[in-house]
Amino acid sequence: MSGEWLSWLGTALPILLILAMIWLVGEFLADSLRRNEATTPDPPKTRKSLIRDAVFEGAILLMLTYVLSGELRNGEGSPLFIGLLLLGIVLQTYLIIRKLIEAFRLGSAGIAPPQA
């Protein structure tokens, strides 16, 4: 019985991973098409928004880790796919650490100082 109730995650997480990649590429394409218009500066980052972003990145990291553990457990995983998952895990970990360090360095007002 241990782990049987998690069997549906084996199917749902790769689909969610593909949807997250499509969303990321779509957001990039939409942003590149929007560059012709006048752009407004991004709102300043606050500690709360940086920590919220880090939690979101952590959810993606957990999803990547779960898919990787399934591939390693089955023993039939493609070395290329396993390598891509490892690369994704390393990049997500870097993003989380970078956002948490930036949140730690924010001033007491909670708003990042303007950067030139």
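This is a short tour of a predicted model, moving from its largest pocket to a surface patch and then to a residue in helix α3.

Begin by selecting A20, M21, L24, I60 and Q92, which are the residues of the lining that lie nearest the centre of the largest pocket. The pocket around that centre has a volume of about 710 Å³, and its lining is made up of 24 residues in total. Next, colour the helices α1 (9-33), α2 (47-74) and α3 (79-105), each of which supplies at least two residues of this lining. With 9 residues, α1 gives the most to the lining of the largest pocket. If you then colour the lining by residue type, you should find 18 nonpolar residues, together with 2 polar and 4 charged ones.

From the pocket, turn to the surface and select I15, L16, I18, L19 and I22, which form a nonpolar patch there and together have about 490 Å² of accessible area. Within this group, pause at L16, which is found in helix α1. The relative accessible area of L16 is 44%, and L16 is therefore classed as partly exposed, the range between 20% and 50%.

For the last stop, select F104, which lies in helix α3. Is F104 buried or exposed? F104 counts as exposed because its relative accessibility is 71%, and the cut-off for that class is over 50%. Finally, add L50 to the selection and draw a distance between the two C-alpha atoms: F104 and L50 are 54 residues apart along the chain, and these atoms are separated by 9.5 Å.

Conventions
Residues numbered from 1 in each chain as written. Predicted model: local features only at pLDDT ≥ 70, side-chain atom pairs only at ≥ 80, totals over all residues. Heavy atoms only, no water. 1 Å grid on protein atoms, 1.4 Å probe; cavity = no way out; pocket = protein on both sides within 12 Å on 5 of 7 lines; lining within 4 Å. Points joined across faces, edges and corners; volume = space filled by probe spheres on them. Helix = DSSP H or I, 4+ residues; strand = E, 2+ residues; numbered from the N terminus. Nonpolar A, V, L, I, M, F, W, Y, C, P; charged D, E, K, R; others polar. Patch = residues over 30% accessible without salt bridge, like charges linked within 9 Å, V, L, I, M, F, W, Y side chains within 5 Å. Areas by Shrake-Rupley, 256 points an atom, 1.4 Å probe, with all protein chains shown as cover. Salt bridge = Lys/Arg side-chain N within 4 Å of Asp/Glu carboxyl O. Buried < 20%, exposed > 50% of the residue type's maximum accessible area, 1.4 Å probe, protein only.
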